[in-house]
Amino acid sequence: MREKLQQILDQALCEIGSAEEKEALEAARVRYLGKKGELTAILRGMGQLSAEERPLIGQIANEVRGKIEAAIEEAGQRAAVFELERRLKKETLDVTLPGKRITLGKKHPLTTVLDEVIDIFTGMGYSIAEGPEVELVHYNFDMLNAPKTHPSREPSDTFYINDEIVLRTQTSPIQARVMEKTQPPIRIIAPGRVFRNDEFDATHSPMFHQIEGLVIDKNITLGDLKGTLETFAKTLYGEETAIRLRPSYFPFTEPSAEMDISCFKCHGKGCPMCKGEGWIEVLGCGMVHPNVLRACGIDPEIYTGFAFGVGLERITLFRYKIDDLRLLFDNDERFLQQF
Ligand code: DAH
């Protein structure tokens, strides 16, 4: 019996000594001291011993139990230290490494130019108007004096929701909406998204932005239009920029014109940017057609006015000398970071 106890003790101490983790120690505790443990089995069997042997073996067995418990206790502390060291090693934080930089966003070039345009016109006393992107045919075409046969009404050009509703093809319907509600003087610009059934390429997009301008008052002349657009062009493209008005046609203006600016690259000499012309087309404009004024309840005998419509993408591409419209919509940070 004594040899058996000694053997259990040796084996237990050896096992505990080599256990590095808490789980291994717990297994050893169960194996030797647990209810079904080896030592417990011996203590149970003591009934068969003689009366002389019993206290002696009992004493030895208790000593063995005490030694095993002490060894487990000590090994437990060792395991805790070991465990902590392992965790510290795994979770080390190198405070000398550079931190992760949070990159600051910035305005999209379209927003930058739009904000500038808004600044220019609010500086001249204009206010901002808005209208719906899903628009009635009534405002997008009819109120703007567009004949029923006008090619822009074709479904091949315009996105129809149904016969009466379209995705607006221009910001001009906002003119009609404002004039209908407001008596002159009117001085507004109206920026917004517009939609056309175009393929996406370097110069076209099915969605783009326009900025509409409208001024209605007594004695407004083509001179006022020209002066206003000149101020606009010089502020946006530099003092040396010249403008010219070329006769054109829009249903809602009479007379109508396209405004060109002198090429900012060659200053009028002719280069690939302006296709040798020396001039670059920037926007459409004109004196508001009497039919439009009348349809909106404004008396064309008393009031006159001018209007213009600028493509925001177009003036942004020129402004930053970008040669592909699609770059503005790709949202590639490597591109956008440059502005
Ligand atoms: N709405 C025209 C277009 O999309 C642009 C335009 C031309 C607007 C002349 C105007 C204007 O207000 O007077 O092509």
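Which residue in E6 is the bridge partner of Ile189? The views below address this and related features of a predicted model, in which local features need pLDDT of at least 70, side-chain atom pairs count only at pLDDT 80 or more, and totals for chains, interfaces and linings use all residues. Residues are numbered from 1 along each chain as its sequence is written, and side-chain values use heavy atoms, with hydrogens and water left out.

**View 1. The open sheet.** Seven strands (DSSP runs of E, at least two residues, numbered from the N terminus) make up an open sheet of mixed pairing, ordered E1-E5-E6-E10-E9-E8-E7. Strands count as paired if DSSP finds at least two bridges between them. Strand E1 (127-128) and strand E7 (243-250) lie at the edges with a single partner strand each, so one side of each has no neighbour in the sheet.

**View 2. Strands E5 and E6.** E5 (residues 186-195) and E6 (residues 207-217) run antiparallel and are joined by 10 bridges. Gly213 is the bridge partner of Ile189 in E6.

**View 3. Surroundings of the ligand.** Among the 15 residues around the ligand (a heavy atom within 4 Å), Gln170, Gln175, Arg196, Gln210 and Glu212 come nearest. This shell divides into five nonpolar, eight polar (Gly counted among them) and two charged residues. E6, E9 and E10 each supply at least two of its residues.

**View 4. Polar contacts of the ligand.** Polar contacts are pairs of N or O atoms within 3.5 Å. Oxygen atoms of the ligand lie 2.9 Å from a polar side-chain atom of Gln175, 2.9 Å from an N or O atom in the side chain of Gln210 and 2.6 Å from a polar side-chain atom of Glu212.

Terms used. Helices (H or I, at least four residues) and strands (E, at least two) are DSSP runs, numbered from the N terminus. A polar contact is a pair of N or O atoms within 3.5 Å; within protein, one must be able to donate a hydrogen and the other to accept it, and residues adjacent in sequence count only if both atoms are side-chain atoms.
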